[in-house]
Amino acid sequence: MAFDEITEAVPWFHLAHVCGQDLDDDQEFHPRLFRSHQLYERLPAASRYVVLLRDPKDVLLAQYRRFCNSSWLDFAGIPRGSISLEDFAAGIFAHKSNSQVWHHLASWLHCCQHDQSTLIVFYEDIVAQPTHYIRRIASFMSPHYTLHAEVLDRVRAQSTREFMLDHSSQFDDHFALRHLSPFEQAVDFGQVPRLPKVVPGGSRAQVPESVLQLLEARWHSLVAPTGFRSYVELRQQLSLNSHVSSPWIDSSADNDNVQVSLWPFLLGVLFLLASIFT
């Protein structure tokens with residue numbers, strides 16, 4: 001892989017300028033590829049979007065593991081494991097001033113669940129059927145491209161959890177983090193801030209009933225007005241609709257007439273699909 005960290009190849013849309021990246025630059029991929037956690041209304045129009053959704057309960061556990069039991073706390077001077085799952089859920093993840101997961105879900109469901117320029121996919125489905133979803137994403141992004149078996153095999157092999165663990169320094173956002181003000185002093189002293197997207201597995205934390213009730217309350221107030229009473233119902237209905245979409249943005253207007261080598265693009269998409277909520 002010809003990059004030190006994946007953000008160099010696939011920029012964060014909202015951090016590119018801070019990292020010295022020009023969003024108008026050419027990329028190795030076509031269509032051009034960006035990633036973002038932004039709401040639909042904060043992203044450019046006339047784009048195509050692949051939106052990845054995941055059960056908020058599992059997003060909570062992933063973020064708790066990443067932010068409360070990793071090097072992220074070391075930079076804040078807070079002992080690892082000193083923040084409980086309950087405190088993290090109530091004070092940050094599902095606090096009324098935050099609740100980003102549910103706002104994100106509602107934003108994309110309101111605008112795009114029937115939009116032909118948006119592909120909504122579910123994390124759980126990709127994990128269960130990677131080959132099927134590699135083909136779906138390829139077809140969505142470039143309908144006239146023939147996905148050869150050797151390309152499919154390479155994409156699948158290099159987007160596995162095991163592969164990403166073996167190459168974790170290429171998926172830890174250090175390229176972007178070193179440009180952010182909270183880490184300037186650490187960078188000056190030669191430290192490299194890292195936020196690994198994939199970490200070695202341990203015992204799966206149990207979510208207390210009080211936290212589950214909080215998550216359900218957030219869903220009821222923020223997502224239920226879109227017509228879906230639960231994540232299970234959302235996944236069941238949209239998985240049947242053959243639509244695909246956290247956003248990956250192609251700023252090109254017309255892709256169908258361009259002759260491309262698509263496997264680097266697919267590789268980037270699958271890396272990020274596998275890592276963004278891991």
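Reader: Which strands and helices do the buried residues of H5 pack against?

Author: Quick background: this is a predicted model, where local features need pLDDT (the predictor's confidence in each residue, from 0 to 100) of at least 70, side-chain atom pairs count only at pLDDT 80 or more, and totals for chains, interfaces and linings use all residues. Residues are numbered from 1 along each chain as its sequence is written, and side-chain values use heavy atoms, leaving out hydrogens and water. Helices (H or I, at least four residues) and strands (E, at least two) are DSSP runs numbered from the N terminus, buried means under 20% relative accessible area with a 1.4 Å probe, protein chains only, and contact means heavy atoms within 4.5 Å. The buried residues of H5, including Trp102 and Leu105, pack against E1, H2, H4, E2, H12 and H13.

Reader: How far apart are the end C-alpha atoms of H5?

Author: The expected span is 1.5 Å times one less than the number of residues. H5 has 13 residues, so it should span 18 Å, and the end C-alpha atoms agree at 18 Å.

Reader: Which element gives the largest share of the largest nonpolar core?

Author: A nonpolar core joins buried Ala, Val, Leu, Ile, Met, Phe, Trp, Tyr and Cys residues through side-chain atoms within 4.5 Å. The largest has 31 residues, with Trp102 among those with the most contacts inside it. Its largest share is six residues, from H5.

Reader: Which element has the lowest mean pLDDT?

Author: The chain averages 82, and H12 has the highest element mean, 96. pLDDT stays under 50 over residues 248-261. The lowest element mean, 46, belongs to strand E3.

Note on methods. Buried means under 20% relative accessible area, exposed over 50%, partly exposed in between (1.4 Å probe, protein chains only).
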